[in-house]
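Thank you all for coming; I would like to take a few minutes to walk you through one structure. Please have a look at it first, and then I will go through it piece by piece.

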Amino acid sequence: MAHQITDEQWEHFWENGYVRIGQVATDAEFKRLQQRMDDIMLGNAPLDYDKIMMQLDREPGKNSPGPQSRGHKGATLLYRKIQNLELDPYFLAYLQKPIFQEVCTKIYGEGTPVNCFRAMFMNKPAKEGTYLVWHQDRWTDLDRDPKITIYTALDTATIANGCVHIIPGSHSDLINPSHGSGFLTQKQIDDIVNNSTPEPLELKAGEVVLLHNWLLHSSGTNETDIPRRAFSVCYMHGETKSRHGSTFRRVFGDGAISVADL
Ligand SMILES: O=C(O)CCC(=O)C(=O)O
């Protein structure tokens, strides 16, 4: 099959740690994803919610996000994060698009099995949202770092509604090589971020961007009446092991799950 991502786009990715690839879904598919996300939050999707990790943007009565745990937390659009969306047929079909397989092949090599580390909704509800501190996407329990995240804006993302900010080129340095967690300390933020030129990653609704997992990024809160919803999928080498015994679903290669399995 002809490649859908050009050499120039790959050059941009390797040099800067990210690249925009435009909208890859049809308008009808994309509208379905937007609608499905709201249906999931409102409890109207025919899903086994006990398998879906759902976190409210504000814990009732508190000024901080709720716990990250499985199960529906109420019919509201005020969720911050929802994971395990590979269990939803619409999101699974989307994250298994051939263009995303092409990306994973480029990153992990021809024939390498690929698992979904996480298929995640990240939301800054209208007039709400939680600041996300500068970090690289790394996890202490994995025996190797996943390298690629594919991020789709479900709404137009602007500075005002809390778009992601990035530091282009920062993927070439691993900030905390020994401990494996991606979050920066305040001192590292002072030393690294405040001496760099972060850029807002403003996106059109539907636009897709490839993010190197080591690219430093953060995001703010939403000052507007427009929600800032996004779907972010981190693809990992299929042989990656979790020291905690977590298991991950194969999405490309032999034994990959399909919508019919759900
Ligand atoms: O959407 C956001 O605000 C942040 C998302 C993020 O950190 C990620 O996708 O890795």
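By class, how many nonpolar, polar and charged residues does the shell around the ligand have? Before I answer, please keep in mind that what you see is a predicted model. The shell has five nonpolar residues, together with four polar and four charged ones. In total, 13 residues surround the ligand, and the closest of them are Asp-137, Tyr-151, Ser-219, Arg-228 and Ser-232.

Let me take the contacts of three of these residues in turn. In Asp-137, an N or O atom of the side chain is 2.6 Å from an oxygen atom of the ligand, and for Tyr-151 a polar side-chain atom likewise lies 2.6 Å from a ligand oxygen. With Arg-228, the distance between an N or O atom of the side chain and an oxygen atom of the ligand is 2.8 Å. As for how much of the ligand is covered, the ligand taken alone exposes 290 Å², and the protein buries 99% of that. If you look for pockets in the model, the space that the ligand takes is the largest one.

Where in the chain does this shell come from? At least two shell residues are supplied by each of four strands, namely S5 (114–124), S6 (132–135), S11 (217–219) and S12 (228–237), and S5 gives the largest share, with four residues.

Two of those strands, S6 and S11, bring us to a sheet. Four strands form this open sheet, in the order S6-S11-S8-S9, and their pairing is antiparallel. Because S6 and S9 (199–200) stand at the edges and have a single partner strand each, one side of each is left without a neighbour in the sheet. In general, the strands of a sheet pair through backbone hydrogen bonds, in either a parallel or an antiparallel way. Between S6 and S11, the antiparallel pairing runs over two bridges, and Leu-132 has Ser-219 in S11 as its bridge partner. That returns us to the ligand, since Ser-219 is also among the closest residues around it.

Notes. Residues numbered from 1 in each chain as written. Predicted model: local features only at pLDDT ≥ 70, side-chain atom pairs only at ≥ 80, totals over all residues. Heavy atoms only, no water. Near = heavy atom within 4 Å. Polar contact = N/O pair within 3.5 Å; in protein donor to acceptor, adjacent residues only side chain to side chain. Areas by Shrake-Rupley, 256 points an atom, 1.4 Å probe, with all protein chains shown as cover. 1 Å grid on protein atoms, 1.4 Å probe; cavity = no way out; pocket = protein on both sides within 12 Å on 5 of 7 lines; lining within 4 Å. Sits in = over half its atoms within 2 Å of the grid points. Nonpolar A, V, L, I, M, F, W, Y, C, P; charged D, E, K, R; others polar. Pairing = 2+ DSSP bridges.
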